[in-house]
Amino acid sequence: MTIKITGRVLTASTDDRTITGLLLPYGEQGSTSVGKVTAEPGALTIPDDPGDVHLNIEHDATRPIGKAVAIDERDEGLVATFRVAATRAGDDVLEEAREGLRACLSVEVDEPVIRAGRLVGGRLSGAGAVVRPAFPSAQLVAADHGDDPDEDEDE
């Protein structure tokens with residue numbers, strides 16, 4: 001099954017219990033918990049073991065439902081595939097995705113560095129299965145670090 005969300009595609013398969021989606025689009029301004037932010041390729045450190053990135057419900061770390069099995073940087077952004085646990089909560093999320101009710105993924109970033117509205121650093125730490133699209137409502141918890149002192153002011 002394929003669901004289109006705001007021009008992005010998220011796939012959810014009840015057969016192999018996976019959800020694949022765009023976690024963080026590149027070059028697209030999003031409204032986050034710290035204001036407007038844009039991400040570019042290479043901004044995030046991605047764990048060597050994709051299984052270190054857990055999928056939860058609505059960014060609630062106490063409600064995990066799966067682990068990443070693949071994380072890829074593509075031209076359009078950071079794409080991840082999660083294997084969903086065979087639990088009631090996992091079943092519910094797969095069904096909600098199928099019905100288009102909770103059909104989005106949202107990135108979680110530890111230690112984000114934001115300068116002049118650009119995400120320039122941080123570590124991919126997790127993802128939420130959410131009602132609102134992954135971006136523009138990504139959960140980035142940090143303050144803008146201001147302008148990059150090494151950046152030319154004319155840029």
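## A guided tour of the predicted model

The secondary structure of the protein comprises one helix and eleven strands, where helices (H or I, at least four residues) and strands (E, at least two) are DSSP runs numbered from the N terminus. This is a predicted model, in which local features need pLDDT of at least 70 and side-chain atom pairs count only at pLDDT 80 or more, while totals for chains, interfaces and linings use all residues. Residues are numbered from 1 along each chain as its sequence is written, and side-chain values use heavy atoms, with hydrogens and water left out.

**The whole chain.** Begin with the entire protein selected. From the N terminus on, its elements follow the order β-β-β-β-β-β-β-β-α-β-β-β. Of the 155 residues, 44% are buried; buried means under 20% relative accessible area, exposed over 50%, and partly exposed in between (1.4 Å probe, protein chains only). The protein exposes about 8200 Å², of which carbon and sulfur atoms supply 44%; such areas come from the Shrake-Rupley method with a 1.4 Å probe, and for residues only the protein chains shown count as cover. Among contacts with a separation of 6 or more, 66% are between residues 24 or more positions apart, a contact being heavy atoms within 4.5 Å.

**Confidence.** Next, colour the model by pLDDT, the predictor's confidence in each residue, from 0 to 100. The mean for the protein is 80, and 78% of its residues reach 70 or more. Select strand β6 (residues 54–57), where confidence is highest at a mean of 96, and then strand β1 (residues 2–5), where it is lowest at 30. Over residues 1–8, pLDDT stays under 50, and the model has 23 contacts beyond four places in sequence for them. Residues 136–145 also have pLDDT under 50 throughout, with 36 contacts beyond four places in sequence.

**Strand β3 and its partner.** Select strand β3 (residues 18–25), which is mostly covered: eight of its eight residues are buried. Add β8, which runs antiparallel to β3 and is joined to it by seven bridges; two strands pair if DSSP finds at least two bridges between them. Thr-18 has Arg-83 in β8 as its bridge partner.

**The nonpolar core.** Now display the largest nonpolar core, which has 32 residues. Such a core is a set of buried Ala, Val, Leu, Ile, Met, Phe, Trp, Tyr and Cys residues joined through side-chain atoms within 4.5 Å. Those with the most contacts inside it are Ile-19, Leu-23, Leu-24, Leu-44, Phe-82, Leu-119 and Leu-124. Centre on Ile-19: beyond four places in sequence, its contacts include Leu-10, Phe-82, Val-93 and Leu-105.

**Leu-78.** Move to Leu-78, in strand β8 (residues 77–84). Leu-78 is buried, because its relative accessible area is 1%. Beyond four places in sequence, Leu-78 touches residues including Leu-22, Tyr-26, Ile-46, Ile-71 and Leu-124. Leu-44 is also among those that Leu-78 touches; the C-alpha atoms of Leu-78 and Leu-44 are separated by 9.3 Å, and the two are 34 residues apart along the chain.

**Two positive phi angles.** Finish with two glutamates. Glu-58 is in the loop between β6 and β7 (60–74), and its phi is near 50°, a positive value in a residue other than glycine. With 35% relative accessibility, Glu-58 counts as partly exposed. Glu-111 lies in strand β9 (residues 104–115) and, although it is not a glycine, has a positive phi of about 50°. Its relative accessible area is 65%, so Glu-111 is exposed.
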